[in-house]
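Hi,

Here is the structure I said I would pass on. Have a look at it first, and then read on for what turned up.

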Amino acid sequence: MNIIPLIVLFCVAFALQYLLTFIQMKSFMQSYRSLRQKGRVAIGKTKGAFHAGAIAMFAIDSSGSILEGSYLQGVTVFARVRSLKGFEGMDVGAIRQTDCQKMRLPKPLAKAVLEASSNYRILMSGGELTEEPAPLVKAASVLKRLAVPHTE
């Protein structure tokens with residue numbers, strides 16, 4: 001079996017993935033900069049290992065009122081930043097699950113919006129944000145615990 005075409009195909013796929021990720025991140029950063037020019041930005045995200053993840057961003061004024069919102073949701077690098085309408089004028093720290101349900105947001109996006117609200121409340125009260133490990137990091141730590149014998 002000739003392995004060279006397989007290696008070339010792998011390299012082309014890797015380069016294409018890198019290029020598409022770069023384009024997606026450029027779009028995200030452009031949207032973030034646009035929101036940042038309007039005021040502070042509250043961000044929330046949900047990670048998806050085998051389902052769609054989401055990032056929600058809100059430009060807020062000095063009193064915490066939402067000026068504009070954007071979101072990025074999807075499984076692939078083809079997901080693009082979109083406008084998130086309906087939250088304008090609301091206090092970002094007062095967003096609740098019922099607000100997301102009224103707007104019929106998909107579950108990952110609703111979680112990201114609620115995390116943005118929670119992050120804002122934590123930071124405004126002087127707290128620090130903690131990052132939850134990624135799904136693959138969690139899986140690796142579980143496997144490591146199973147593989148390493150417990151010593152007591």
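Before the details, a word on terms: two strands count as paired if DSSP finds at least two bridges between them. Strands themselves are DSSP runs of E, at least two residues long, numbered from the N terminus. Also keep in mind that this is a predicted model.

With that in hand, start at the hairpin of β2 and β3. Five residues lie between the two strands, and Gly 64 there takes a positive phi near 95°. The strands on either side, β2 (residues 53–60) and β3 (residues 66–74), pair in the antiparallel sense over eight bridges. Two spots to click on: Ala 56 stands opposite Tyr 71 in β3, and Phe 58 has Gly 69 of β3 as its bridge partner.

Now zoom out to the sheet. It is an open one made of four strands, in the order β1-β2-β3-β4, with antiparallel pairing. β1 (40–46) and β4 (81–83) are the edge strands, each pairing on one side only. On average, and ignoring direction, neighbouring strands are turned by 20° against each other. β1 and β2 run antiparallel and are joined by seven bridges; Arg 40, for instance, has Ile 60 in β2 as its bridge partner. How enclosed is β2 by the rest of the structure? Largely so, because seven of its eight residues are buried.

Next, the helix to look at is α3 (residues 107–124), which lies across β1, β2 and β3 and runs at about 130° to β1. Its length checks out: at 1.5 Å a residue its 18 residues should span 26 Å, and the end C-alpha atoms are 26 Å apart, so the two agree. The buried residues of α3 are Pro 108, Leu 109, Ala 110, Ala 112, Val 113, Ala 116, Ser 117, Asn 119 and Tyr 120. Among the elements that cover them are β1, β2, β3 and α2 (97–102). Just after α3 comes Gly 126, with a positive phi of about 90°.

What holds the middle of the picture is the packing of side chains. In soluble globular proteins, nonpolar side chains tend to be buried together. Here the largest nonpolar core has 19 residues, and Phe 58, Phe 87 and Val 113 touch the most other members. β2, β3 and α3 are the elements that give two or more residues to this core, and α3 gives the most, with six. A second, separate core has seven residues, including Phe 28, Leu 35, Ala 59 and Ala 79.

Phe 87 deserves a click of its own. Leaving out residues up to four places away in sequence, Phe 87 touches Phe 58, Ile 66, Ile 95, Cys 100, Met 103, Leu 105 and Val 113.

Which two residues form an aromatic pair that is edge-to-face? They are Phe 58 and Phe 87, at 5.3 Å centre to centre with 70° between the planes. The count of aromatic pairs comes to one. This pair links distant parts of the chain: Phe 58 is in strand β2, Phe 87 is in the loop between β4 and α2, and they are 29 residues apart. Are these rings' residues buried or exposed? Buried means under 20% relative accessible area. Phe 58 has 0%, so it is buried, and Phe 87 also comes out as buried, at 0%.

Cheers

Terms used:
Residues are numbered from 1 along each chain as its sequence is written. This is a predicted model: local features need pLDDT of at least 70, side-chain atom pairs count only at pLDDT 80 or more; totals for chains, interfaces and linings use all residues. Side-chain values use heavy atoms; hydrogens and water are left out. Axes are lines fitted to C-alpha atoms, for helices over the stretch in contact, and angles run from 0 to 180 degrees between N-to-C directions. Contact means heavy atoms within 4.5 Å. A nonpolar core is a set of buried Ala, Val, Leu, Ile, Met, Phe, Trp, Tyr and Cys residues joined through side-chain atoms within 4.5 Å. Buried means under 20% relative accessible area, exposed over 50%, partly exposed in between (1.4 Å probe, protein chains only). The expected span of a helix is 1.5 Å times one less than its number of residues. Rings of Phe, Tyr and Trp (its six-membered ring) pair if their centres lie within 6.5 Å; planes under 30 degrees apart count as stacked, over 60 as edge-to-face and the rest as tilted.
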